[in-house]
Amino acid sequence: MKNSNTAVHIAARDALEARIGLRLAARLSEGAEQMDADISERLRFAREKALERARAVRAAESRPAIAVGASGAAVLGGGGWWIKLGSLLPLLALAAGLFLIQYMHSEAQIETAAEIDAELLADDLPPAAYNDAGFVEFLKSPRD
């Protein structure tokens, strides 16, 4: 419903602009008949320049909001596949970095667990002794 109201509003605005433009053109045409040839020629030239600018504005509005710069930066809606690939490279680098961090963290945990297991197996105490409640007190007591 909102889109149809917006479309009606835009159509009404365009129609109003067209009527104002026609009235303005008619008024200017009335006054142009009474002018010298030199002035009318300058006005014709100015009118052509204004039409060129209007065409340029319309062409610019139809292009994407952000275009390709000389360095290829700030591309939003255009460009070739290499620009799209270039915008994906930071994302791929981030994903690879996160994967590497996770891998290093897992390796560190595995290495720590392996060291603890090696010390437990090489120790004189049986592994069941570590579950004993009195073992914590044994560890707290000073050793000779």
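Start with the whole protein chain and follow it along the sequence: the pattern reads α-α-α-α. That comes to 4 helices and 0 strands (DSSP runs numbered from the N terminus, helices being H or I with at least four residues and strands E with at least two). You're looking at a predicted model, where local features need pLDDT of at least 70, side-chain atom pairs count only at pLDDT 80 or more, and totals for chains, interfaces and linings use all residues. Residues are numbered from 1 along each chain as its sequence is written, and side-chain values use heavy atoms, leaving out hydrogens and water.

Now color by pLDDT, the predictor's confidence in each residue, from 0 to 100. The chain's mean is 80, with 83% of residues at 70 or more. Helix 3 has the highest mean of the elements (90), and helix 4 (residues 134-140) the lowest (77).

Next, select helix 3, residues 81-122. Pick Leu91 in this helix. Is Leu91 buried or exposed? Leu91 counts as exposed because its relative accessibility is 53% (exposed means over 50%, buried under 20%, partly exposed in between, with a 1.4 Å probe and protein chains only).

Add Trp81, Trp82, Leu85, Leu88, Leu89, Leu92, Leu94, Leu98 and Ile101: with Leu91 they form a nonpolar surface patch of about 1100 Å² accessible area.

Then jump to Glu119, also in helix 3, which counts as exposed because its relative accessibility is 58%. Glu119 joins Glu107, Glu111, Glu115, Asp123 and Asp124 in a negative surface patch.

Finally, zoom out: buried residues make up 3% of the chain's 144 residues.

Key:
Patch = residues over 30% accessible without salt bridge, like charges linked within 9 Å, V, L, I, M, F, W, Y side chains within 5 Å. Areas by Shrake-Rupley, 256 points an atom, 1.4 Å probe, with all protein chains shown as cover. Salt bridge = Lys/Arg side-chain N within 4 Å of Asp/Glu carboxyl O. Lys, Arg positive; Asp, Glu negative; His and termini not counted. Charge placed at Lys NZ, Arg CZ, Asp CG, Glu CD.
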